[in-house]
Amino acid sequence: MSADQPVLADSESPPRWEYQESRENPSLAAVRDRYGLWIDGGEVEPLSQKWFPSIEPATEDHLAMVAEAGSSDVDRAVRSARDAAGDWATRPAGDRAKFLFRIARLIQERSRELAVLDTRDGGKPIREARDIDLPLVAAHFFYHAGWADKLDYAFAGVNPQPLGVVGQVIPWNFPLLMAAWKVAPALATGNTVVLKPAETTPLSALRLAEIAADAGLPPGVLNVIPGAGRTGADLVSHRGVDKVAFTGSTEVGKQIRRRLAGTGKPLTLELGGKGAHVVFEDAPMDQAVEGVVNGIFFNQGQVCCAGSRLLVQESVAADFVQRLRRRLLTLRVGDPLDKNTDVGAINSAAQLEKITGLVEAGRSEGAQIYQPPCQLPDRGYWFPPTLFTEVSQSHRIAQEEIFGPVLSILTFRTPTEAVERANNTPYGLASGVWTAKGSRILWMADQLASGVVWANTYNQFDPASPFGGVKESGFGREGGRHGLAAYLKGMG
Ligand code: NAP
Ligand code: MG
């Protein structure tokens with residue numbers, strides 16, 4: 001491929017459509033000025049007497065002040081979960097199913113409000129929150145409600161038992177969806193929960209606790225304690241916690257694993273990724289372009305399984321990159337509440353700084369950058385869709401997780417070389433293969449060191465399908481029977 005692709009002639013540019021703004025109503029999600037912690041079935045003032053702002057990344061406005069759980073608050077939440085554990089574990093399983101079904105239905109009823117809440121608090125496009133996050137959140141509760149009274153069949157002959165009190169820590173990229181992935185299987189299997197949402201997106205987890213209370217969930221079964229990393233560290237190292245489930249960065253995952261070493265506590269880690277999209281010369285090119293665009297620009301690329309590396313066969317590379325560039329011209333970046341928006345706001349100033357730093361490293365290491373012309377709003381945290389060509393394996397942008405809308409493009413000649421390159425990162429979460437040959441798909445799926453391999457598609461999620469990584473992307477699975485096992489004694 002040449003050092004830089006020729007700039008598209010006007011005649012080659014795709015038609016630019018004018019869109020009428022179609023803004024979702026922000027007041028669909030009422031937000032109060034202050035939120036407390038959710039402990040023992042209700043909202044309480046923090047013993048820490050500390051509060052922090054949650055910001056709307058698209059405007060940089062303060063959305064709300066949120067209580068920060070200090071160590072005595074963590075203690076209080078864990079005790080509440082412990083007090084509730086006996087009753088919850090020994091109830092008839094059908095009873096637990098009933099609560100989960102109710103929660104699922106309430107989520108469906110309130111899905112528009114919850115989508116707006118996650119969009120405002122986290123910056124994701126409303127189209128994604130509404131059409132992807134929320135349906136999956138409800139599906140997760142429905143699915144696990146179905147399992148609650150069938151555990152004896154899922155784990156026949158071994159008398160499956162809950163672990164007790166579960167400490168869960170989640171990130172900000174899919175605030176309510178990550179909460180659902182954690183809470184639904186834990187409750188279905190008879191555990192009680194203390195959940196710490198991310199500092200930048202605590203609001204929907206607090207609303208989930210309210211919804212659970214509306215569904216009649218007994219006090220103490222689900223506690224939500226916002227805070228920063230310190231709160232997460234207090235929770236995972238609390239002696240009263242019987243199991244830890246963490247989703248977040250590999251760096252923090254390693255710290256948690258060190259902290260828990262020798263305690264014998266079950267641990268699951270869902271960590272970072274550097275997913276490879278492998279496009280062979282016989283792939284359906286236009287579909288592959290759509291798949292690659294979806295893989296890296298979904299949620300501004302702030303996705304653990306983002307397809308952030310494109311490996312394209314050399315014979316079609318120039319053509320493929322040209323098609324990608326044309327497609328990038330049609331992406332609409334801006335107000336996440338506008339239903340036309342494809343790429344919303346970056347979650348925080350800190351994340352924007354991290355993306356900017358890695359993109360600078362890409363430039364200074366010699367890769368060629370392409371960004372389509374786009375006008376970014378004056379306020380808020382934004383980053384344009386970005387492609388890098390002339391990327392080599394050793395570049396930081398080919399190795400490190402950027403967690404932003406930035407695609408690093410490499411080429412290969414043979415399937416073996418594609419596998420070697422795809423596997424050449426410390427991560428192993430997800431990858432995509434694009435080819436017309438079924439046998440090649442199966443061979444690649446076998447060769448790729450990756451928890452998930454999608455073929456001729458990308459970013460497909462289903463509560464029945466286990467999701468998780470290998471290598472430094474972590475261990476343990478969420479979803480399916482595997483996901484239940486992680487919350488049962490002796491099974492995880
Ligand atoms: P992060 O910095 O590791 O934070 C994740 C969560 O851990 C947050 O709630 C965070 O609190 C908390 N935390 C921070 N330091 C902690 C500590 N020492 N002990 C315990 N908890 C601590 O990750 P992030 O930047 O929020 O999220 C992005 C990362 O998550 C990416 O690497 C992404 O790939 C990964 N991710 C993985 C999956 C998966 O399923 N494999 C899914 C989504 C995201 P604060 O919010 O206050 O920092
Ligand atoms: Mg926020």
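1. Let me start with a motif you can trace by eye: strand β11, helix α10 (residues 285-297) and strand β12 together form a β-α-β unit, and its hand is right-handed. Bear in mind as you look that this is a predicted model.

2. The two strands of that unit are also direct neighbours. β11 (residues 276-279) and β12 run parallel, joined by four bridges. To see the register, find His277, which sits opposite Leu310 of β12.

3. What lies on the other flank of the pairing story for β12? Strand β15 (residues 406-412) pairs with β12, again in the parallel sense, and five bridges hold that match. Leu310 is a handy landmark here too, since its bridge partner in β15 is Ile409. For anyone rusty on sheets, strands pair through backbone hydrogen bonds, in either a parallel or an antiparallel way.

4. Is β12 buried or exposed? Strand β12 spans residues 309-313, and five of its five residues are buried. Side chains in a regular strand alternate between the two sheet faces. In β12, Arg309, Leu311 and Gln313 point one way, while Leu310 and Val312 point the other way. Both sets are buried, Arg309 and Gln313 included.

5. Now the ligand. Ligand 1 has 29 residues around it, and the closest are Gly229, Gly232, Gly248, Gly272 and Cys304. Two elements each supply two or more residues to this shell: α8 (229-236) and α9 (250-260). Of the shell around ligand 1, α8 provides the largest share, with four residues.

6. What is the chemical make-up of the shell around ligand 1? Its residues split into 14 nonpolar, 11 polar and four charged. The shell also draws on two domains, taking at least three residues from each of domain 1 (31-271 + 470-485) and domain 2 (273-455).

7. Last, a separate item: there is an open sheet of three strands, ordered β1-β5-β4, and its pairing is mixed. Why do β1 (34-35) and β4 (51-56) each have one side without a neighbour in the sheet? Both stand at the edges and each has a single partner strand, so one side of each is left unpaired within the sheet.

8. Within that sheet, β1 and β5 (residues 61-67) run parallel and are joined by two bridges. If you want a residue pair to check on screen, take Arg34, whose bridge partner in β5 is Met65.

Terms used: Residues are numbered from 1 along each chain as its sequence is written. Chains are lettered from A and ligands numbered from 1 in the order in which they are written. This is a predicted model: local features need pLDDT of at least 70, side-chain atom pairs count only at pLDDT 80 or more; totals for chains, interfaces and linings use all residues. A residue is near a molecule or strand if its C-beta atom, placed from the backbone, lies within 6 Å of it. Ala, Val, Leu, Ile, Met, Phe, Trp, Tyr, Cys and Pro count as nonpolar, Asp, Glu, Lys and Arg as charged, and the others, Gly among them, as polar. Domain bounds come from an automatic or database domain assignment. A residue is buried if 20 or more other C-beta atoms lie within 10 Å of its own, exposed if 12 or fewer, and partly exposed in between; C-beta atoms are placed from the backbone. Two strands pair if DSSP finds at least two bridges between them. A crossover is right-handed if, with the strands pointing away from the viewer, the path from the first strand over the helix to the second runs clockwise.
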